[in-house]
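Thanks for making the time this morning. I would like to take you through one model, slowly, and I will pause on a few residues along the way.

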Amino acid sequence: MSLAPSDPIATNLEPIASSRSYKEAQKIVDYLSDHGFPVRGTLIVGVGLRSVEQVVARMTNLRATGWGAAGGAWFGLLIGLFLAIFTTTVATVFPLVLWGLLWGAVAGAIFGLISHMMLGGKRDFISESALVADRYEVLVEPEHATTARELLRGMTG
């Protein structure tokens with residue numbers, strides 16, 4: 001943690017600390033709060049943002065079919081439960097829900113496979129996206145900045 005961050009992001013707020021991780025910035029604000037600092041209006045600002053996309057798997061016909069079947073099964077279950085509300089006997093509820101689940105899975109599998117094949121080999125992977133920052137700055141109102149810095153001196157040393 002450094003106590004002298006660069007240029008403030010919000011013009012009416014003053015930077016009091018900078019950290020390499022969001023978790024560390026949260027600890028700074030938590031420390032201030034635990035010591036009676038008025039944290040309302042305090043900002044944690046990510047500086048140097050980047051979009052990171054991590055590829056986690058290859059999308060295959062089998063995987064597309066499986067995901068389609070799973071999504072379709074949930075939808076079929078919902079439809080089966082909805083239709084079960086209107087049944088006149090309790091004995092018909094289970095078969096109705098089971099048929100909804102089964103037909104939903106079949107329809108979802110078909111839809112998943114066809115939609116994947118229609119992409120024609122484009123975007124044949126599964127990924128997770130995240131927004132990451134180089135550093136995080138803690139900003140407070142100017143009238144509280146001196147108090148915050150004094151409290152943070154106790155945190156670092």
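I will begin with the chain as a whole and then turn to aromatic pairs and single residues.

Please keep in mind throughout that what you see is a predicted model. The protein chain has four helices and five strands, and, read from the N terminus on, these elements follow the order β-α-β-β-α-α-β-β-α. The radius of gyration comes to 27 Å, whereas the globule rule gives 15 Å for 157 residues, so the chain is more spread out than a compact globule. In terms of extent, the C-alpha trace spans about 70 × 45 × 30 Å along its principal axes.

A few totals belong with that picture. Of the 157 residues, 27% count as buried, and the chain exposes about 10,400 Å², with carbon and sulfur atoms supplying 64% of that area. If we take the contacts between residues at least 6 apart in sequence, 81% of them join residues at least 24 apart. As for charge, there are 12 positive and 13 negative charges, and their mean positions lie 10 Å from each other.

Now to the aromatic rings. A pair of aromatic rings is described by the distance of the centres and the angle of the planes. By the rule used here, the count is three aromatic pairs, and I will discuss two of them. In one, Tyr 22 and Tyr 136 have ring centres 5.6 Å apart and planes at 70°, which is over the cut-off of 60 degrees, so the pair is edge-to-face. This pair links distant parts of the chain, since Tyr 22 sits in helix α1, residues 22-34, and Tyr 136 in strand β5, residues 135-140, with the two positions 114 residues apart. Tyr 22 is partly exposed at a relative accessible area of 40%, while Tyr 136, at 15%, falls under the 20% limit and therefore counts as buried.

The other pair I want to show is Phe 82 with Phe 86, again edge-to-face, with 5.3 Å from centre to centre and 80° between the planes. Here Phe 82 is partly exposed, with a relative accessible area of 46%, and Phe 86 reaches 58%, which is over the 50% limit, so Phe 86 is exposed.

Back in strand β5 we also find Glu 137. Is that residue, Glu 137, buried or exposed? Glu 137 is buried, with a relative accessible area of 0%. Its C-alpha lies 6.6 Å from that of Gly 46, although the two residues are 91 apart in sequence.

Phe 37, in the loop between α1 and β2, is another residue that counts as buried, at 5% relative accessibility. Which residues does Phe 37 touch, leaving aside those up to four places away in sequence? They are Leu 32, Thr 42, Val 140, His 144, Thr 147, Ala 148 and Leu 151. By contrast, the C-alpha atoms of Phe 37 and Ala 70 are separated by 49 Å, with their positions 33 residues apart along the chain.

Lastly, a point on backbone geometry. Most residues other than glycine have a negative phi. Arg 123, however, has a positive phi, near 55°. Arg 123 is placed in the loop between α3 and β4, and it is partly exposed, with a relative accessible area of 47%.

Key:
Residues numbered from 1 in each chain as written. Predicted model: local features only at pLDDT ≥ 70, side-chain atom pairs only at ≥ 80, totals over all residues. Heavy atoms only, no water. Phe/Tyr/Trp six-rings, centres within 6.5 Å; stacked < 30°, edge-to-face > 60°. Buried < 20%, exposed > 50% of the residue type's maximum accessible area, 1.4 Å probe, protein only. Rg over C-alpha atoms; globule rule 2.2 N^0.38 Å. Contact = heavy atoms within 4.5 Å. Areas by Shrake-Rupley, 256 points an atom, 1.4 Å probe, with all protein chains shown as cover. Lys, Arg positive; Asp, Glu negative; His and termini not counted. Charge placed at Lys NZ, Arg CZ, Asp CG, Glu CD.
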